[in-house]
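User: I am new to this structure and should like to be guided through it by questions and answers. Could you begin by showing it?

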Amino acid sequence: MKERVYTIPVSEAFREDCECPMCLLEKRLEDDALEYTLGPSMMESDSRIETNRKGFCNRHFTKLYNKQKNRLALGLVIDTHLMEQNGILRKMFEKSLPGIRKEAASGVMEQVVQSFKKSKSETNVFIQSMIDKLSELEKTCTICEKINFNMEKFTDVILYLFFKEPDFKELFLKKKGFCLFHVRRLLEGSLKYLNLRERNAFVVALMEMELVHLDRIKEEVNWFTQKFDYKNEKEPWKNSQDAIPRSIEKISGPSDLMR
Ligand SMILES: [Zn+2]
Ligand SMILES: [Zn+2]
């Protein structure tokens, strides 16, 4: 049996009427992680070591700030993150600076000879190491990692329940599909957690359902555009009034669209 801490939220999300139950799960995880960062995390040295090292991605820095709450906690987290990262960047630069200076002082002839010998330019080596370091820092995010860890557990649980609980399978097949982002996640999960026979059955069920609902949402968006034609002015909106935000969520996953 899977841990109840994961099965309960999964069953709850699948009971809601939405374009993607996994988006609901992910949004809840994100909210919890934001609250945690602005609250208890500040007092826990393990979390601080992690935020100092990884920081946050742009999306999550923005969300932490826009919560407009507990500015002190956010300030302290940023303060020690910068202290650690500034130190690393400074050390990298100071280590390479003598070589860069030497290269700058060398004459044109020496530079030609150097490029001829294909010996590595100190300046280029430093720039590449700095690009690598900054790209890594951009990619690492304490909140994204927490969400990914738990979404992996949820994916495992969804696939488990699909085969072990007939009621859940029935619920699953009545959904309106998933966003494309989470379809990918489910497919990746099927490679990891299912045997070939299960994978076979699952991928057919998933894709048949998904394609029906991708067509449905495409039609809803199409009707939305047709409503702008004066001939259709008096026709009903049907389900299309919010087709644009729902289609964006269907294509790109958890988003914060203003409704
Ligand atoms: Zn989704
Ligand atoms: Zn993030």
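The questions and answers below concern metal sites and a helix pair in this predicted model.

User: Which geometry do the four donor atoms form around the zinc ion (ligand 1)?

Analyst: The protein donors are C20 (SG), C23 (SG), C179 (SG) and H182 (ND1), at 2.0 to 2.3 Å from the zinc ion (ligand 1). Four donors count as tetrahedral if all angles lie between 85 and 135 degrees. Here the angles subtended by the four donor atoms are 97 to 116°, so the arrangement is tetrahedral.

User: What spacing along the chain do the donors of the zinc ion (ligand 1) follow, and how many residues apart are C23 and C179?

Analyst: The donors follow the spacing C-x2-C-x155-C-x2-H. C23 belongs to helix α2 (residues 21-38), while C179 is in the loop between α9 (166-173) and α10 (180-193). This pair links distant parts of the chain, and its separation is 156 residues.

User: Is C179 buried or exposed?

Analyst: Buried means under 20% relative accessible area. C23, with 10% relative accessibility, counts as buried. The relative accessible area of C179 is 0%, so C179 is buried.

User: Which geometry do the four donor atoms form around the zinc ion (ligand 2)?

Analyst: C57 (SG), H60 (ND1), C141 (SG) and C144 (SG) are the protein donors of the zinc ion (ligand 2), lying 2.0 to 2.3 Å from it. In sequence these donor residues are spaced C-x2-H-x80-C-x2-C. Because the four donor atoms subtend angles of 101 to 114°, the arrangement is tetrahedral.

User: How many residues apart in sequence are the parts that C57 and C141 tie together?

Analyst: C57 is found in the loop between α3 (45-54) and α4 (58-66). C141 is found in the loop between α7 (122-139) and α8 (142-164). C57 is buried at a relative accessible area of 13%, and C141 is buried at 1%. Because the pair sits in these two loops, the parts tied together are 84 residues apart.

User: At what angle do helix α11 and helix α12 pack?

Analyst: Helix α11 spans residues 196-226 and helix α12 spans residues 243-252. Their crossing is left-handed. The axes lie 9 Å apart, and the packing angle is about 145°.

User: How many residues in the contact of α11 with α12 are charged?

Analyst: On the α11 side, the contact involves E210, H213, L214, R216, I217, E220, V221 and F224. These meet A243, I244, R246, S247 and K250 in α12. The residues of this contact divide into six nonpolar and two polar, and the number of charged residues is five.

Conventions:
Residues are numbered from 1 along each chain as its sequence is written. Chains are lettered from A and ligands numbered from 1 in the order in which they are written. This is a predicted model: local features need pLDDT of at least 70, side-chain atom pairs count only at pLDDT 80 or more; totals for chains, interfaces and linings use all residues. Side-chain values use heavy atoms; hydrogens and water are left out. Donors are N, O and S atoms within 2.8 Å of the metal (3.2 Å for Na, K and Ca); water is not among the atoms, so sites may look incomplete. Four donors count as tetrahedral if all angles lie between 85 and 135 degrees; four count as square planar and six as octahedral if opposite donors are over 155 degrees apart and all others between 65 and 115; anything else is irregular. Helices (H or I, at least four residues) and strands (E, at least two) are DSSP runs, numbered from the N terminus. Buried means under 20% relative accessible area, exposed over 50%, partly exposed in between (1.4 Å probe, protein chains only). Axes are lines fitted to C-alpha atoms, for helices over the stretch in contact, and angles run from 0 to 180 degrees between N-to-C directions. A crossing is left-handed if the near helix is turned anticlockwise from the far one by less than a right angle, and right-handed if clockwise. Contact means heavy atoms within 4.5 Å. Ala, Val, Leu, Ile, Met, Phe, Trp, Tyr, Cys and Pro count as nonpolar, Asp, Glu, Lys and Arg as charged, and the others, Gly among them, as polar.
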